[in-house]
Amino acid sequence: MKNGRIIGYMLSENELIDGCRKGDRAFQKALYERYCRKMMVVCLRYSKSTAEAEDVLQEAFVKVFQSIAGFRQEAKLETWITRIMVNTALNAQRKKLYLFPMVDVEEVNLPEEEISISNIHVNQLLDMIRALPQGCQIVFNLFAIEGYSHKEIAEQLGISEGTSKSQFSRAKSLLQQRLLKESTYYERYGEAKI
Amino acid sequence: MNDMERRKFEDSFKDAFERAEISPSESVWTNIELDLERAESGKMKRRILFYKLLAAASVAFAMSVAGVGYYSMKNQTVMSGQLAESSSQQHSKGEINQPTTSGETDNVSGMNNASSERTTGTSVGAESASNELSVKVDGDARQHMASTDNSSLAQQRSHSFTSSNDHVPQPQAQHQGTSEFSGQDRTPRQSTITSQVLAPTSLASTGVWNAKPVDQLPSKVKPTHSLTGEEQAAEVDPVAVLMAKLEQREKELQAEEAKENKKNNFTDERLWTSVGFAAGAFSAGSSEMSASATAFNTAANQQVTASGVAYSMGVSVGTRLSNRWVLQGGVNYQTQSSDYTANSVVGTSDFQEFYAASVNTADKVDNRILSTDPYSVNNSLRFVTVPMQAGYMVVNKQFGLQLNAGLSTDLFLQNTITPEGGSLDKTTQGRGEESPYRSVNFSGLFGTELTYKIGNHYRVALNPGLRYPLNSIYKSDTGIDSAPLTFDVGLRFRYIFQP
């Protein structure tokens, strides 16, 4: 056990949790290194900039280490950490939402044709999501990727269920428009724009 | 687009991000580490504050209990003194009334003699009983006297005290006086009234009144004289009431005295032994290090000023010196552990081995310091301590409260420097010339002990306390002056040899 990088790949999830519970910095670093890249994606999905995402990542990991003693292992460690990331990101966004509250947006007609995202790089998808308006970005993440229902989103964000639905609908429409452009580009030039 | 396709759209996003990974910048972990260390030091500060408050609260509690106990004890003594004094004043009033009524100033001196002699005890009381006041009054005046409370009181006192005190000689004049006074013939004539000066059976010099049981008074009084109906009504005796009160108080005092005597034997819980452990925190406080601010000295300074946790375990024996005072001694094994951040390492002369920067490596410093990234180092000190404390038992019942103060001889064993991260080896330095720590230290101890008796032979004790080294724990040639103040809370199990 010379440093955190070595034990990070060798240790089981339970060993990592036990080490972190004792406050051992090497184990904490190992846990961080195991999950930081995945969690960075989560934070980026909810943020507008990389710096903002890193702030959320830092704050959330501190919370993880401070509250891991109370982690009862009813869920997978990754799921638990992701939940902390999402909650921390939402807390950061709430301040902005207080200034610019989410409102019902006009329903939009979704394109009829099927749009595939299989050829689009994840970084591009991330850019598309981050380019969405604040409310749309949060609701889309919570509904489409985290898997929350509109009712749960409404409760969590303090908005009506209708607002959540309309924000999602708007987000989806904007994404599809953007995806259509990308697929046209792909058809024209034969490769994905990365 | 139907619902299934819409769901497919959302799932495709979910799948796309399922395995996605993006590396954050290196600074994120550094910031997390800093945040964690800041939080831990805040936690430590809160813990130290908690122990400080606990110790302060214990001391304040002990002092207030001691104060209340002392006040109530003192108050009781004053009350009993006042009661005895007021009873003597009552008697004095009764005596003074007679000569005032009769106007015979000559008799006052005799009465005063008796009054002053009364305080000297039983034998003097007996003597004073022989003092007679011959008061000449005319018939009207005599009748008036007989009908007043004062005269009847004086008379009753005369009878009660003379009759209750068997060995007091009964002067003949008294019989004359009383027979004349209570006789049928009330024609005005010159008569001699023997006013028997109050003769208490005993009056201790402390002011405690020792009277005979009050129920003897009426039986002894009755046969000696008979009073008219008015006189009998006047006889309903405030003095007897007062006597009864005094009697009651006397019994109480006797009971208290007996209790006190029992306590003074202090034969119970005379000798005990205990085993226990304590946990707490220490703070280096105003430690000083006379050295320039190099990378090495910064680390050493952090080591010297670092706060940390302290644990100890050990055995002790205690004995009672008196009713309230106890003496306790024992032997403990104590560790003090603290963390500090170093940003340099010290190499050996051939640069083959490196050690964490610490006070221990101060003599290896010359041109062999290498700066590094900040890393955490743990310093663990071990001592054997021999405490000797005197204690005062404020409360010693089922629940006990004791204030302790004393001295401890601390024998330094070793200190271990453990760099975290694993790239540097830990080093252990025992006592002796190589060590920067003094081999023997002396510490002042102060604390309280809250105990609870379980059965005949056991007490469990919770003792918060302070430990303050009377000298720097570092050798004087290191230029470091540090006397860390330790707050700890101990839990001890006491076995009582003589319950």
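Me: In this predicted model, two residues are in contact if their C-beta atoms, placed from the backbone, lie within 7 Å. Leaving aside neighbours within four places in sequence, which residues is A:Val139 in contact with?
Reply: The contact criterion is a C-beta separation within 7 Å. With neighbours within four places in sequence left out, the partners of A:Val139 are A:Ile153, A:Ser164, A:Gln167, A:Phe168 and A:Ala171.

Me: Which residues touch the most other members of the largest nonpolar core?
Reply: This core has 53 residues. Helix 3 of chain A, residues 25-46, gives the most to it, with 14 residues. At least three residues come from each of domain 1 (4-96) and domain 2 (122-189) of chain A. The members that touch the most others are A:Met39, A:Cys43, A:Leu57, A:Met85, A:Val139 and A:Phe140.

Me: How many residues are in the second, separate core?
Reply: Its members include B:Val304, B:Tyr340, B:Val377 and B:Ile480. The size of this second core is 18 residues.

Me: What secondary structure pattern does chain A follow along the sequence?
Reply: Chain A contains 9 helices and 0 strands. Read along the sequence, the pattern is therefore written with helix symbols alone: α-α-α-α-α-α-α-α-α.

Me: How far apart are the end C-alpha atoms of helix 4 of chain A?
Reply: Helix 4 of chain A covers residues 50-67, which is 18 residues. At 1.5 Å a residue the expected span is 26 Å. The distance in the model agrees with that, at 25 Å.

Me: Which residues of helix 4 of chain A are buried?
Reply: A residue counts as buried if 20 or more other C-beta atoms lie within 10 Å of its own. In helix 4 of chain A, the residues in this class are A:Ala53, A:Val56, A:Leu57, A:Gln58, A:Glu59, A:Ala60, A:Phe61, A:Val62, A:Val64 and A:Phe65.

Me: Which element of chain A has the highest mean pLDDT?
Reply: Chain A has a mean pLDDT of 82, and 78% of its residues reach 70 or more. Among its elements, helix 1 (residues 4-10) has the lowest mean, 54. Over residues 1-6 of chain A the pLDDT is below 50, and that stretch has 12 contacts beyond near neighbours in sequence. The highest mean, 93, belongs to helix 4 of chain A.

Me: Is A:Gly70 buried or exposed?
Reply: A:Gly70 lies in the loop between helix 4 and helix 5 (77-99) of chain A. Its C-alpha atom is 8.8 Å from that of A:Arg21, with the two positions 49 residues apart in sequence terms. Because A:Gly70 has 7 other C-beta atoms within 10 Å, and 12 or fewer is the cut-off, A:Gly70 is exposed.

Me: What is the phi of A:Gln73?
Reply: A:Gln73 also sits in the loop between helix 4 and helix 5 of chain A. This residue is exposed, with 10 other C-beta atoms within 10 Å. Most residues other than glycine have a negative phi. A:Gln73 is not a glycine, yet its phi is positive, at about 60°.

Me: How many residues does chain B give to the contact with chain A?
Reply: Chain A gives 28 residues to the contact. On the side of chain B, the elements that give two or more residues are helix 1 (3-18) and helix 2. The residues on that side divide into 12 nonpolar, 6 polar and 6 charged. The contribution of chain B is 24 residues.

Me: How far apart in space are B:Ala66 and B:Met393, C-alpha to C-alpha?
Reply: B:Ala66 lies in helix 2 of chain B, residues 27-102. B:Ala66 is partly exposed, with 15 other C-beta atoms within 10 Å. B:Ala66 and B:Met393 are 327 residues apart in sequence, and their distance in space is 9.3 Å.

Me: Over which residues of chain B is the pLDDT below 50?
Reply: The mean pLDDT of chain B is 70, and 60% of its residues reach 70 or more. The stretch below 50 has 179 contacts in the model beyond near neighbours in sequence. Where pLDDT is low, the predicted coordinates should not be read in detail. The stretch concerned is residues 92-227 of chain B.

Me: What share of the residues of chain B count as buried?
Reply: Chain B has 11 helices and 16 strands. Of its 499 residues, the share that counts as buried is 31%.

How values were computed: Residues are numbered from 1 along each chain as its sequence is written. Chains are lettered from A and ligands numbered from 1 in the order in which they are written. This is a predicted model: local features need pLDDT of at least 70, side-chain atom pairs count only at pLDDT 80 or more; totals for chains, interfaces and linings use all residues. Helices (H or I, at least four residues) and strands (E, at least two) are DSSP runs, numbered from the N terminus. The expected span of a helix is 1.5 Å times one less than its number of residues. pLDDT is the predictor's confidence in each residue, from 0 to 100. Ala, Val, Leu, Ile, Met, Phe, Trp, Tyr, Cys and Pro count as nonpolar, Asp, Glu, Lys and Arg as charged, and the others, Gly among them, as polar. A nonpolar core is a set of buried Ala, Val, Leu, Ile, Met, Phe, Trp, Tyr and Cys residues joined through C-beta atoms within 7 Å. Domain bounds come from an automatic or database domain assignment.
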